[in-house]
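User: I would like to learn how to read a structure step by step, beginning with the place where two chains meet. Could you take me through it, giving the general idea before each case?

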Amino acid sequence: MSEHLSAARVALYTIVQKEVRRFMRIWPQTLLPPAITMALYFVIFGNLIGSRIGEMGGFDYMQYIVPGLIMMSVITNAYSNVVSSFFSTKFQRSVEELMVAPVSAHVILLGYVAGGVLRGLMVGFIVTLLSLFFTDLSVHHLGLTVLVVLLTATVFALGGFINAVYARSFDDISIIPTFVLTPLTYLGGVFYSINLLPEFWQQVSMVNPILHMVNAFRYGILGVSDISIGVALAMMIVAVAVLYGVAWRLLVNGTGMRQ
Amino acid sequence: MTQALRIRQLQKTYGNGFSALKGIDLEVQEGDFFALLGPNGAGKSTTIGILSSLVTKTSGQVEVFGHDLDTDLIGVKRCLGVVPQEFNFNQFEKTFDILVTQAGYYGIARKLAAERAEKYLKQLGLWDKRDVATRMLSGGMKRRLMIARALIHEPRLLILDEPTAGVDIELRRSMWSFLSELNAQGVTIILTTHYLEEAEQLCRNIAIIDHGKIAEHTSMRELLKTLHLETFVLDLKEPQTVAPDLQGYPVKLLDSHNLEVQVEKAQGMTALFAQLQAQGIEVLSLRNKTNRLEELFVSLVEKNLEETSA
């Protein structure tokens with residue numbers, strides 16, 4: 001039993017290491033673009049436009065949008081790391097290296113998800129450092145902040161994995177980020193408090209899971225939120241459990257991989 | 001003797017209704033060098049796909065060194081190394097990293113993995129390419145890399161699906177010698193190939209698969225014994241305008257200097273040369289028109305086709 005556990009540990013470490021090596025090797029595609037994009041957001045929305053908007057939620061506009069922009073980077077990068085890495089593994093057929101080896105579906109899934117979470121965290125860290133050039137940032141609740149960012153990155157890394165399993169072409173891996181994630185993120189309270197919206201649209205916004213994640217993270221940093229933190233955490237934990245179960249089942253069945 | 005592979009009534013029907021395997025039985029003994037031959041689409045790659053968990057079988061039983069594919073998949077995977085037909089590694093990774101990563105999937109710690117990677121890269125002449133991205137390797141190098149990768153966990157059974165396809169003759173011969181050495185060290189090898197000369201040179205036992213069925217399953221020696229007719233091409237010293245009349249030997253003049261002669265095994269060639277000498281025809285050299293195994297293979301596949309059509 002311990003021999004199997006030891007082998008599983010080595011296999012897991014190998015997959016995570018391979019994933020980290022991949023996104024570090026292509027850093028101009030993985031780490032640099034979000035840093036540039038977010039720097040532009042800070043300059044345009046924070047400095048130029050934000051100075052005219054004034055306060056939001058009791059903070060100046062730049063401080064208000066920083067947590068949302070960090071989360072936006074984490075979500076996008078956790079998702080895109082797994083979807084592009086696992087799809088290219090399928091595309092180049094190197095997924096067969098994993099399938100012929102005695103690696104369990106749990107280890108494969110954990111390895112890829114950990115790779116996505118690590119890229120999400122690394123980009124989140126870079127964006128946080130960048131934000132310090134534009135505003136002061138103090139963390140209101142460190143434990144909650146870390147928990148929320150970890151859960152969010154895990155949810156989207158799992159989502160990216162499921163997308164990659166079903167994807168048959170490179171177009172299929174950009175559909176969800178373009179037509180689902182980006183609109184939900186922009187409408188997820190990154191740039192505004194939903195209290196500014198009419199009652200009806202506030203209720204509509206509540207079904208957007210990214211709103212809950214952004215607000216929970218903002219609460220961890222600034223101590224203000226439009227939604228209940230308990231509900232947000234419960235939603236994320238349930239999402240992780242459900243998506244993990246689905247992804248694991250797809251792997252066991254060999255969907256999109258085994259004939 | 002231990003059986004390296006035991007297959008019973010293996011069937012595979014794909015989602016589109018195509019029946020690739022129609023209940024094959026196969027046994028390979030430990031230490032054997034075994035050839036699995038068959039025309040394109042016969043079911044060879046499907047069989048290998050099932051063994052390596054890339055294809056799900058419809059029914060039947062597969063055991064690798066006593067480990068059942070249905071109940072002990074991990075045991076099967078630990079015993080098995082597979083060299084597929086198509087390149088299936090990350091084209092952006094370095095050669096060395098491909099091997100160490102594959103070892104990691106088998107739970108082999110990095111230090112041991114690095115030692116083995118060095119050993120196999122050196123044995124296969126790839127050590128100086130260890131830091132090169134795999135997309136920069138030549139076709140032959142990529143094939144050797146896949147062999148090194150399949151060996152990194154030191155499997156007891158190595159399956160090679162057309163490992164020398166597109167490889168030049170010099171490299172092919174060096175791969176033959178590497179595989180023979182590996183087999184001599186105790187690794188059981190199953191080889192599929194289109195180069196029948198390769199199977200004849202390397203393998204002791206053979207199965208021919210066609211239309212999802214085993215058409216022949218015997219030793220190479222027994223199979224070659226069944227060959228009754230061989231075709232030779234004689235290189236003539238003086239040019240000829242018509243084919244000479246050689247009693248008992250069907251002949252065909254290919255061109256002025258090349259004469260094709262069919263010889264039955266029981267006939268021998270003494271009478272042939274006696275008749276040629278009597279007619280004043282000098283022969284400079286002779287060669288087999290086709291590989292002996294190739295003739296057998298074609299006749300078996302044709303026979304199988306007739307039975308299937310009937």
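Analyst: A helix-to-helix contact is read by listing the residues that meet on either side, and here A:Val10, A:Ala11, A:Thr14 and A:Lys18 of α1(A) meet B:Thr101, B:Gly104 and B:Tyr105 of α3(B). By class, this contact holds three nonpolar, three polar and one charged residues. Please keep in mind throughout that this is a predicted model.

User: How do the axes of helix α1 of chain A and α3(B) lie with respect to each other?

Analyst: One reads a distance and a crossing angle together: the axes of α1 (residues 2–25) of chain A and of α3(B) come within 7 Å, and they cross at roughly 145°.

User: How many residues does each chain give to the contact as a whole?

Analyst: Chain B contributes 25 residues and chain A contributes 21 residues. On the side of chain B that touches chain A, the elements giving two or more residues are α2 (73–79) and α3 (95–105) of chain B, and the largest share, four residues, comes from α3(B). That side of chain B divides into eleven nonpolar, eleven polar and three charged residues.

User: Which residues have the most contacts inside the largest nonpolar core?

Analyst: A core is read by its extent and then by its best-connected members; the largest one has 144 residues, and those with the most contacts inside it are A:Ala157, A:Phe161, B:Ala148 and B:Ile159. The element that gives the most to this core is helix α4 (residues 61–91) of chain A, with 17 residues. Another core, of five residues, lies apart from it and includes B:Leu234, B:Leu259, B:Val261 and B:Leu272.

User: With what is A:Phe161 in contact, leaving aside its neighbours within four places in sequence?

Analyst: Setting those neighbours aside, A:Phe161 is in contact with A:Val82, A:Phe86, A:Leu109, A:Tyr112, A:Val113 and A:Ala247.

User: What does the secondary structure of chain B come to?

Analyst: Chain B has ten helices and 14 strands, and its C-alpha atoms fill a box of roughly 75 × 50 × 40 Å along the principal axes. Of its 310 residues, 40% count as buried, and among contacts in chain B between residues at least 6 apart in sequence, 67% join residues at least 24 apart.

User: In what order do the four strands of the open sheet in chain B stand?

Analyst: A sheet is read by following its pairings from one edge to the other: the order is β2-β1-β4-β5 in chain B, with antiparallel pairing, and the edge strands, each pairing on one side only, are β2 (19–29) and β5 (67–68) of chain B. Strand β1 (residues 3–13) of chain B pairs with β2(B) in the antiparallel sense over eight bridges, and B:Ile7 stands opposite B:Leu26 of β2(B).

User: Is strand β8 of chain B mostly covered or uncovered?

Analyst: Burial is read residue by residue along the strand, and in β8 (residues 188–192) of chain B, which is mostly covered, five of its five residues are buried. B:Thr188, B:Ile190 and B:Thr192 point one way from β8(B), while B:Ile189 and B:Leu191 point the other way.

User: Which strands does β8(B) run parallel to?

Analyst: Strand β3 (residues 33–37) of chain B is joined to β8(B) in parallel by three bridges, with B:Phe34 opposite B:Ile190. Strand β7 (residues 157–161) of chain B also runs parallel to β8(B), joined by five bridges, and the bridge partner of B:Asp161 in β8(B) is B:Thr192. Taken with helix α6 (residues 169–184) of chain B, β7(B) and β8(B) make a right-handed β-α-β unit.

Technical notes
Residues are numbered from 1 along each chain as its sequence is written. Chains are lettered from A and ligands numbered from 1 in the order in which they are written. This is a predicted model: local features need pLDDT of at least 70, side-chain atom pairs count only at pLDDT 80 or more; totals for chains, interfaces and linings use all residues. Two residues are in contact if their C-beta atoms, placed from the backbone, lie within 7 Å. Ala, Val, Leu, Ile, Met, Phe, Trp, Tyr, Cys and Pro count as nonpolar, Asp, Glu, Lys and Arg as charged, and the others, Gly among them, as polar. A nonpolar core is a set of buried Ala, Val, Leu, Ile, Met, Phe, Trp, Tyr and Cys residues joined through C-beta atoms within 7 Å. A residue is buried if 20 or more other C-beta atoms lie within 10 Å of its own, exposed if 12 or fewer, and partly exposed in between; C-beta atoms are placed from the backbone. Two strands pair if DSSP finds at least two bridges between them. Axes are lines fitted to C-alpha atoms, for helices over the stretch in contact, and angles run from 0 to 180 degrees between N-to-C directions. A crossover is right-handed if, with the strands pointing away from the viewer, the path from the first strand over the helix to the second runs clockwise.
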